[in-house]
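Here is a short report for a reader who is new to this structure. Take a look at the sequence and the model before reading on.

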Amino acid sequence: QHLIERNSIIDQASQIAQSFTQSQALEQTDNEQAANFKRLDGQLNKLQQTWNRTGEVDRKEYQRLQQKFKQTLAPIKVAIKAFHENNVSKKQALIAQAQQQLTVDDVFQAIETVKQLQQQWRDVGFAGSRQENKLWQDFRQVNDQIFAKREQLKTQQHDAQVELVEQFKQSLTAIKAQLGTKPEKTVLNQAKQDAEMLLSAVRADKPVIKALANTIENFVKDIQAQIEAMTQQEQQASWTSLFTLLKNMASAENELVIEDIINASDFKQLTNFWQKRLHEQVSLTRHIDVEARKTKTLAIEILAQVESPAEFAQQRMAVQVELMQEQMLSGAEIDLTQQLVDWLQLGKLSGDDLILLTRLEKIFAHHS
């Protein structure tokens with residue numbers, strides 16, 4: 001019975017050998033060949049186990065059967081061994097390529113490369129029970145070292161960013177500290193410029209720290225709002241000073257000289273432009289027709305879209321028609337400052353102009 005069983009095993013070995021020979025004649029892809037050898041290796045292992053478990057036969061018969069069994073499987077085992085050795089070479093080459101990535105400066109590029117090597121490793125067939133595990137452990141160790149470098153780099157980058165954020169915050173604190181409680185306009189402008197430079201530096205650092213960038217943006221907006229408010233206050237104060245001086249000139253009983261004007265504290269609040277206009281006004285000698293200046297006042301009120309006193313409704317309408325004919329109400333931007341200059345150049349100021357100056361002051365000083 002044992003002899004029959006062993007002969008049956010030899011027959012199975014012959015069938016496997018014949019099937020293997022036929023498959024070798026076919027053009028197979030690497031993946032198909034690897035799958036074929038894997039299946040063949042499994043069949044041989046199973047057959048060998050069955051042979052080992054089969055009961056005893058006559059000693060002389062066993063030697064003959066054993067020899068025949070070995071000879072039948074010999075070509076397959078040689079082929080499998082060659083296949084394994086070829087896979088060992090391929091995997092050793094992949095390990096060598098992975099080790100080269102340890103010297104690459106760009107860690108993230110090295111990571112991408114080893115991921116590709118991992119895919120190639122999966123495509124390579126079995127390297128034999130004695131070599132496969134050791135090769136895998138060597139390959140995995142190199143992979144672990146490269147991924148560890150990435151984690152180390154990430155930690156370094158995170159620490160560097162944390163330090164950089166702290167430096168940015170300290171810079172912002174220093175800028176705020178320069179402002180004090182009641183900063184002047186020049187100080188505000190410098191703080192805005194410094195904050196904008198800091199914001200550019202924050203945005204240039206990648207990834208951008210959005211919370212910090214937003215904080216600096218809001219700070220810049222706040223500074224800008226303060227500058228605009230201060231500018232408006234300065235403009236309003238300048239207009240107030242101008243009309244104060246104009247009223248003083250209009251109500252002066254005696255002839256004014258330029259020294260009377262430039263020594264006034266309000267004169268120092270004016271821009272160079274208006275200081276020159278006052279010089280010109282003091283130099284004027286001709287007196288103006290009162291009605292001409294009233295008409296010009298109405299024109300300025302119309303152009304500024306400001307109400308005129310009710311008793312001038314009819315005159316205002318006539319002036320408006322005239323302005324329309326001159327196309328001054330066509331929607332184009334009107335230079336009210338020039339209109340005021342033209343009003344002044346009509347002639348020397350007098351007491352009759354005080355009421356008109358009050359009306360004009362509402363336009364320029366209160367709505368600037």
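## A cluster of rings

Which residues do ring pairs link into a cluster? They are Trp239, Phe243, Phe273, Trp274 and Phe364. Keep in mind that this is a predicted model.

One ring of the cluster, Phe273, also has a charged neighbour. Arg277 lies over the face of Phe273, 4.6 Å from the ring centre. A second such contact involves Trp343: Arg293 lies over its face, at 4.3 Å from the ring centre.

## Aromatic pairs

The structure holds 11 aromatic pairs. One of them joins Phe37 and Phe83. This pair is stacked, with 4.3 Å from centre to centre and 10° between the planes. It links distant parts of the chain: Phe37 is in helix α2 (residues 30-53) and Phe83 in helix α3, 46 residues apart. Both Phe37 and Phe83 are buried.

Trp51 and Tyr62 form another aromatic pair, a tilted one. Their centres are 6.4 Å apart, and their planes meet at 35°. Trp51 belongs to helix α2 and Tyr62 to helix α3, 11 residues apart. Trp51 is buried, with a relative accessible area of 1%. Tyr62 is partly exposed, at 32%.

## Salt bridges

How many salt bridges does the structure hold? There are 12. Among them is the contact between Arg64 and Glu61, 2.6 Å from N to O. Both residues lie in helix α3 (residues 59-100). They are 3 residues apart, about one turn of the helix. Arg64 is partly exposed, at 43% relative accessibility. Glu61 is partly exposed too, at 26%.

Lys91 forms a salt bridge with Glu132, and the closest N and O atoms are 2.7 Å apart. Lys91 lies in helix α3 and Glu132 in helix α5, so the pair ties together parts that are 41 residues apart in sequence. Lys91 and Glu132 are both buried.

Glu361 and Lys247 also meet through their side chains in a salt bridge, at 2.7 Å from N to O. Here too, distant parts of the chain are linked. Glu361 is in helix α13 (residues 354-364), Lys247 is in helix α7 (residues 210-251), and they are 114 residues apart. Glu361 is buried, with a relative accessible area of 12%. Lys247 counts as partly exposed, at 23%.

## A view along helix α5

Ala174 lies in helix α5 (residues 132-179). Is Ala174 buried or partly exposed? It is partly exposed, with a relative accessible area of 41%. Ala174 and Ala17 are 157 residues apart in sequence. In space, they are 85 Å apart, C-alpha to C-alpha.

Technical notes:
Residues are numbered from 1 along each chain as its sequence is written. This is a predicted model: local features need pLDDT of at least 70, side-chain atom pairs count only at pLDDT 80 or more; totals for chains, interfaces and linings use all residues. Side-chain values use heavy atoms; hydrogens and water are left out. Helices (H or I, at least four residues) and strands (E, at least two) are DSSP runs, numbered from the N terminus. Buried means under 20% relative accessible area, exposed over 50%, partly exposed in between (1.4 Å probe, protein chains only). A salt bridge is a side-chain nitrogen of Lys or Arg within 4 Å of a carboxyl oxygen of Asp or Glu. Rings of Phe, Tyr and Trp (its six-membered ring) pair if their centres lie within 6.5 Å; planes under 30 degrees apart count as stacked, over 60 as edge-to-face and the rest as tilted. A charge sits over a ring if NZ of Lys or CZ of Arg is within 6 Å of the ring centre and within 35 degrees of the ring normal.
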